[in-house]
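Good morning, everyone, and thank you for making the time. I would like to walk through one model slowly, so please have the sequence and the picture in view while I talk.

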Amino acid sequence: MAREIDEAWIDEAIDRYKRVEGLRADFDRAVAAHQVSVHSPDQSIEIVVTAAGDIVDVRVHGGLRQRDQAEFSRQLRAVVTSATEAARWAREKLHAEVFGSLHPLEGR
């Protein structure tokens with residue numbers, strides 16, 4: 001049995017595809033531009049990371065000469081881990097903001 005082509009559903013699907021592509025471009029721009037700043041547990045190291053996970057800046061507060069190398073390494077690992085988690089959190093938040101209004105395309 002032949003099925004009729006639902007032109008309205010096809011038009012709706014095409015419009016939705018175009019909207020999703022536009023939202024995806026908005027999301028990609030937001031992820032690249034949004035920055036999050038995190039600090040090591042002792043506040044001595046700050047990392048600025050984009051929602052894409054790119055490290056933009058690393059700031060060390062205080063002098064380096066008096067620091068214990070092992071402790072500095074622990075603080076650095078901790079802040080890098082925090083930066084990774086912050087980037088993931090920022091991506092998820094941006095995704096919800098950008099794509100949250102999309103509703104499933106109703107099948108006909």
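Let me begin with the pairing of two strands: β1 is joined by five bridges to β2, which covers residues 45-50, and the two run antiparallel. Please keep in mind throughout that what we are looking at is a predicted model. Within this pairing, V38 stands opposite I47 of β2, while H39 has E46 of β2 as its bridge partner. The two strands make a hairpin with five residues between them, and in that turn Q43 has a positive phi of about 70 degrees.

If we now step across to the other side of β2, we find that β2 and β3 also pair in the antiparallel sense, again over five bridges. Here E46 appears once more, this time standing opposite R59 in β3. These strands form a hairpin as well, with four residues between them, and G53 is the residue in it that takes a positive phi, near 95 degrees.

Putting the pairings together, we have an open sheet of three strands in the order β1-β2-β3, with antiparallel pairing. Its edge strands are β1, residues 35-39, and β3, residues 55-60, each of which pairs on one side only. From one strand to the next, the twist averages 15 degrees.

What lies across these strands? Helix α2, residues 69-99, lies across β1, β2 and β3, and it runs at about 25 degrees to β2. This helix has 31 residues, and the distance from its first C-alpha to its last is 45 Å, which is close to the 45 Å expected at 1.5 Å a residue. Its buried residues are Q75, V79, A83, A86, A87, A90, L94, V98 and F99, and they pack against α1, β1 and β2.

Let us look at β1 again with the helix in mind. In a regular strand, the side chains alternate between the two faces of the sheet. In β1, the covered face holds V36 and V38, whereas the uncovered face holds Q35, S37 and H39. If we take V36 and leave aside its neighbours within four places in sequence, we find V36 in contact with I47, V48 and V49, and also with A86 and A90.

That brings us to the interior. As a general tendency, nonpolar side chains in soluble globular proteins are buried together. In this model the largest nonpolar core has 18 residues, and those with the most contacts inside it are F27, V36, V38 and F99. The elements that give two or more residues to this core are α1, which spans 7-33, together with β1, β2 and α2. Of these, α2 gives the most, with eight residues.

I would like to finish with three individual residues, starting with V20, which lies in helix α1. Is V20 buried or exposed? Its relative accessibility is 25%, so V20 counts as partly exposed. V20 and F99 are 79 residues apart in sequence, yet their C-alpha atoms are 8.2 Å apart in space. Not counting residues up to four places away in sequence, V20 touches F99 and L102.

The second residue is H34, found in the loop between α1 and β1. H34 is partly exposed, because its relative accessible area is 33%, and buried would require a value under 20%. With residues up to four places away in sequence set aside, H34 touches V49, T50 and A51, as well as A90 and L94. H34 and A52 are 18 residues apart in sequence and 8.3 Å apart in space, C-alpha to C-alpha.

The third residue is S44, which sits in the loop between β1 and β2. Why does S44 count as buried? The reason is that its relative accessibility is 7%, and the cut-off for buried is under 20%. The side chain of S44 makes a polar contact, at 3.2 Å, with the side chain of R67. Apart from residues up to four places away in sequence, S44 touches R59, V60, H61 and R67.

Thank you for listening, and I am happy to go back to any part of the picture.

Technical notes:
Residues are numbered from 1 along each chain as its sequence is written. This is a predicted model: local features need pLDDT of at least 70, side-chain atom pairs count only at pLDDT 80 or more; totals for chains, interfaces and linings use all residues. Side-chain values use heavy atoms; hydrogens and water are left out. Two strands pair if DSSP finds at least two bridges between them. Axes are lines fitted to C-alpha atoms, for helices over the stretch in contact, and angles run from 0 to 180 degrees between N-to-C directions. Contact means heavy atoms within 4.5 Å. A nonpolar core is a set of buried Ala, Val, Leu, Ile, Met, Phe, Trp, Tyr and Cys residues joined through side-chain atoms within 4.5 Å. Buried means under 20% relative accessible area, exposed over 50%, partly exposed in between (1.4 Å probe, protein chains only). The expected span of a helix is 1.5 Å times one less than its number of residues. A polar contact is a pair of N or O atoms within 3.5 Å; within protein, one must be able to donate a hydrogen and the other to accept it, and residues adjacent in sequence count only if both atoms are side-chain atoms.
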